[in-house]
Amino acid sequence: MTAKPWYSGERGVTQLAAAVGSLVEDVRRVRRAWHWDTPRPHTWPERGSVVPAPASDLGWARQEPVRTIRYLIQQGLLLPFTEAMSHPKVEGREWVKELDRPVIFAANHSSHADTSLILHALTDTARDRTVVAAAADYWFKRPLMGNIVSLFLNTFPFSRTGGAQGQLHASSTLLKSGWNLVLFPEGSRSQDGRIHEFKPGVGHLANETRTPVVPVHIRGAQRIMPKGQKLPLPAAARVRIGKPMTPKPGEGSREFTGRVEKAVRTLAETPKSEELQGTWIERWRASKPRELVYGED
Amino acid sequence: MARPGAVIEVDRNTPPVLFHYGEGVRLERLPLGSRIVYPPDPLEPIAHPERAIKRALGKPLDDDPLKSLLRRGMKLTLAFDDLSLPLPPMAAPDVRQLVMEEVIDMAAEAGVEDIHLIAALGLHRRMTADEVRHIVGDRIFSTFWPDRLYQHDGEDPDENVYIGKTAQGEEVTLNKRAAESDLVIYVNLTLVPMDGGHKSMATGLATYRGIRAHHNVKTLLGSRSYMNPPDSALHHSCIRQGQLIEDTVRVFHIETTVNNHAFPSLASFMQKRETDWTPQDQAMFLAMKQITDIAPPAFKRNIFHSMRAPYGLTSVNAGQVDAVHEKSLDAVRNQISVPVEGQTDIVTMGVPYLGPYNINAPMNPVLVVCMGAGYLFNLYRGKPVLRKGGVLIFEHPCRYEFDAVQHPSYIDFYDEVLADTTDPLEIETKYEVRFAEDPWFRQLYRKSNAYHGAHPFYAWYWAAFAMEYAGDIIVVGGERDVVHRLGFKAATTLEDALEMAEQTVGRHPSITHLRVPPIMLCDVQ
């Protein structure tokens with residue numbers, strides 16, 4: 001026998017209270033049952049499609065007029081704000097001044113400020129052709145936020161939990177389409193500012209697409225916006241960019257990732273390393289302005 | 001063809017003439033019959049500077065092509081002039097940047113791994129990183145700063161070496177890196193005939209010990225004028241030192257000259273003769289005059305010091321120093337020479353906001369003297385425009401205003417030394433060494449952005465000849481106390497100053513106004 005509705009006139013107020021109570025209980029249970037902000041238990045089966053939409057769904061962020069809008073936002077807001085907050089000192093800018101082909105920027109990660117510091121260190125041309133891999137389970141949890149971040153920084157969702165092939169497919173497609181890629185191979189922001197072990201995805205991507213990897217070390221970002229802090233604070237920062245690295249013949253993804261990690265660690269410690277930052281002649285040649293070649297009529 | 005300089009006689013129809021007045025401007029009416037000397041118009045610059053530079057390096061004067069001097073494994077040093085040249089600072093790209101980029105391209109091609117770039121400051125202040133970047137450009141700066149591109153430190157005992165003495169007993173010191181190099185390439189910018197030649201290395205990469213050999217009262221009083229090297233004891237001394245340097249290290253000189261296009265279009269009325277002013281120029285003058293009359297000094301300074309001169313390259317020569325410098329002097333004289341007939345009883349001039357030693361700083365009273373009675377008075381060849389015993393009148397607000405970062409020793413010089421005496425010889429004997437060896441001034445010179453402790457003395461010595469030669473020096477519009485401290489007379493208006501001058505030179509004096517800047521060189525016949 002089904003219970004009569006509260007408006008039937010029988011047990012009126014009592015039944016209304018029971019219905020409201022039941023609704024409240026349901027809502028509470030639903031709210032407490034899913035923990036999207038904690039790591040997924042490893043015993044769980046593989047998730048089907050990851051939370052966000054696939055990378056191609058954010059293609060709008062890499063098309064006009066969004067690129068122009070982003071350029072204006074970055075020139076008018078992001079870069080002046082970064083400059084004012086940290087007056088970043090950039091070393092090795094010549095390596096990213098005249099890029100002939102797409103590269104992967106592999107940087108240490110200790111703060112949300114890292115991305116703007118890297119973008120600040122790039123030339124306008126390079127920045128316009130750069131996408132940033134953003135954690136799908138963090139930035140794209142809420143579609144609106146994901147879209148806004150994509151508009152500002154040209155991010156795309158990068159899954160931290162799926163299988164290697166699936167994760168890297170979107171990235172390699174972007175690289176093959178001529179986009180530079182900013183990756184934080186540690187996978188997450190460092191709590192203590194130290195560089196943590198790099199995940200092998202960066203080596204895998206470089207091997208698969210034969211793309212050079214530019215090691216980048218960022219110092220000071222953690223003081224601007226450490227993990228858990230909502231608002232940035234002014235602090236000096238330094239971005240040190242190394243010479244592009246390519247996998248040696250026969251070098252596996254893990255070995256190459258290890259080499260990239262070592263390069264970032266060395267950049268952090270050594271002021272001048274010719275092996276990583278190049279001789280002056282290499283840097284001088286790298287910074288040579290590209291000569292315009294006019295076609296013959 | 002650019003219009004040559006001219007001497008114009010003031011008649012009833014002559015418009016009033018522009019006087020620079022520190023960080024301001026004035027229009028003054030000169031008595032009928034006075035002369036106004038105008039600099040020549042800017043010469044047409046070289047259309048393709050890069051090609052001219054390549055050509056100069058490929059076919060140097062009395063030397064081998066630069067390419068043949070560069071080889072793998074050598075120690076190469078590039079030295080270049082600091083921000084004191086040109087004035088105002090040149091709009092980017094600076095010609096030194098263009099030359100250095102070409103030289104570095106060649107060095108890279110030759111595989112020269114050991115290369116250093118040194119800003120040849122002498123005893124000038126260290127430049128800020130942005131100032132260095134402005135001279136050398138972004139590409140050189142980002143490749144070499146700060147480990148291979150740095151500034152000479154004339155007080156570092158480990159980084160300077162004593163080379164020896166000239167036949168006249170002048171001690172010669174040199175930056176150690178330069179002295180140990182297989183080749184030193186000096187990239188210079190010659191704005192006036194005083195610059196360049198042997199003086200570049202002998203002062204730019206030297207220490208106090210070497211520079212004091214010619215930056216002293218005796219030598220500067222014996223220089224007629226500094227702007228005419230053959231008649232300058234200062235330059236003879238530098239040549240002797242330079243020859244000793246060349247015996248020690250192989251030097252390849254590259255000298256550039258620019259035209260006298262000193263003011264951007266916003267202030268083009270300063271570049272033009274008053275008879276050529278358009279209504280826009282008049283409006284611009286009025287606007288600038290009103291603003292500078294009421295604006296606070298710091299605001300005016302920011303505006304003036306942000307001006308960049310659209311100088312154009314007029315010559316570039318490379319090779320052996322004497323041959324190169326001769327060509328540079330020809331090019332400079334070609335741009336700035338103005339024939340002037342005879343001397344005059346009174347010379348008037350406006351002292352502008354900028355001299356070689358106050359880039360991005362106020363022109364303090366000692367520098368006003370250096371600029372007016374030192375540099376501007378000496379812009380002549382042969383003999384001064386002013387007759388012996390005549391009166392020098394210049395306009396400047398002459399405020400008690402010092403930049404504590406750039407000019408700390410100037411403050412003490414003004415407060416302590418000038419309170420005692422203004423006589424250059426006495427000042428030199430009593431005070432110079434104490435200031436030069438003061439540990440605090442030394443520290444500020446080495447680690448901050450301060451001029452050397454001895455520098456205010458040199459600034460004062462530059463004016464020694466004018467102070468001895470002129471019967472009187474009158475400053476119009478200056479703060480009375482300050483002007484008196486400098487040992488000069490103060491006047492409120494130009495008319496007052498001319499009346500005061502008549503007491504020295506007699507009634508109905510002849511008057512000549514030097515309309516500088518832009519820079520000119522009076523060829524007095």
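Start your tour by selecting chain A: among its contacts with a separation of 6 or more, 76% join residues 24 or more positions apart. You are looking at a predicted model, with an ipTM of 0.87 and a pTM of 0.84.

**Stop 1: chain A as a whole**

Show chain A as a cartoon and you can pick out twelve helices and seven strands. Chain A has 297 residues, and 36% of them are buried.

Now colour by pLDDT. The average for chain A is 81, and 84% of the residues score at least 70. Which elements of chain A have the lowest and the highest mean pLDDT? Select residues 164-176 for the lowest: this is helix α7 of chain A, with a mean of 75. Then select residues 213-219 for the highest: strand β6 of chain A, with a mean of 93. Next, go to residues 49-56 of chain A, where pLDDT stays under 50. For this stretch the model has 16 contacts beyond four places in sequence.

**Stop 2: helix α8 of chain A**

Select residues 201-209 of chain A, which form helix α8. Buried here are A:Gly201, A:Val202, A:Gly203, A:His204, A:Leu205 and A:Ala206. Step on to A:Arg210, which follows α8(A) and has a positive phi, near 55°.

**Stop 3: where the chains meet**

Bring chain B into view. How many residues of chain A are in contact with chain B? There are ten, and they meet ten residues of chain B. The chain A side of this meeting place has five charged, three nonpolar and two polar residues.

**Stop 4: two helices of chain B**

Keep chain B on screen and colour it by pLDDT too: the mean is 95, and 100% of the residues reach 70 or more. Select residues 365-376 (helix α14) and residues 455-462 (helix α18) of chain B. Their axes come within 7 Å and cross at roughly 35°, and the crossing is left-handed. To see the contact itself, show B:Val366, B:Leu367, B:Val369, B:Cys370, B:Gly374 and B:Tyr375 on α14(B). Facing them from α18(B) are B:Pro456, B:Ala459, B:Trp460 and B:Trp462. By class, this contact has nine nonpolar residues, one polar and no charged ones.

**Stop 5: the nonpolar cores**

The largest nonpolar core has 169 residues. Which of its residues touch the most other members? Select B:Leu392 and B:Ile474 to find them. The helix you have just visited, α14(B), gives the most to this core, with nine residues.

Stay with B:Ile474 and show what surrounds it. Beyond its neighbours within four places in sequence, B:Ile474 is in contact with B:Val391, B:Ile393, B:Phe488, B:Lys489, B:Ala491, B:Ala497, B:Met500 and B:Ala501. Another core, of 54 residues, lies apart from the largest one. Its members include A:Ala61, A:Leu99, A:Ala121 and A:Val260.

**Stop 6: B:Val37**

For the last stop, select residues 35-38 of chain B, which are strand β4, and find B:Val37 there. Is B:Val37 buried or exposed? B:Val37 counts as buried because 23 C-beta neighbours lie inside 10 Å, and the cut-off for a buried residue is 20 or more.

Leaving out residues up to four places away in sequence, B:Val37 touches B:Val7, B:Val338, B:Val340, B:Thr512, B:His513, B:Leu514, B:Arg515, B:Met520 and B:Cys522. Finally, draw a distance from B:Val37 to B:Pro339: they are 302 residues apart in sequence, and 9.2 Å apart in space from C-alpha to C-alpha.

Note on methods. Residues are numbered from 1 along each chain as its sequence is written. Chains are lettered from A and ligands numbered from 1 in the order in which they are written. This is a predicted model: local features need pLDDT of at least 70, side-chain atom pairs count only at pLDDT 80 or more; totals for chains, interfaces and linings use all residues. A residue is buried if 20 or more other C-beta atoms lie within 10 Å of its own, exposed if 12 or fewer, and partly exposed in between; C-beta atoms are placed from the backbone. Helices (H or I, at least four residues) and strands (E, at least two) are DSSP runs, numbered from the N terminus. Two residues are in contact if their C-beta atoms, placed from the backbone, lie within 7 Å. Ala, Val, Leu, Ile, Met, Phe, Trp, Tyr, Cys and Pro count as nonpolar, Asp, Glu, Lys and Arg as charged, and the others, Gly among them, as polar. Axes are lines fitted to C-alpha atoms, for helices over the stretch in contact, and angles run from 0 to 180 degrees between N-to-C directions. A crossing is left-handed if the near helix is turned anticlockwise from the far one by less than a right angle, and right-handed if clockwise. pLDDT is the predictor's confidence in each residue, from 0 to 100. A nonpolar core is a set of buried Ala, Val, Leu, Ile, Met, Phe, Trp, Tyr and Cys residues joined through C-beta atoms within 7 Å.
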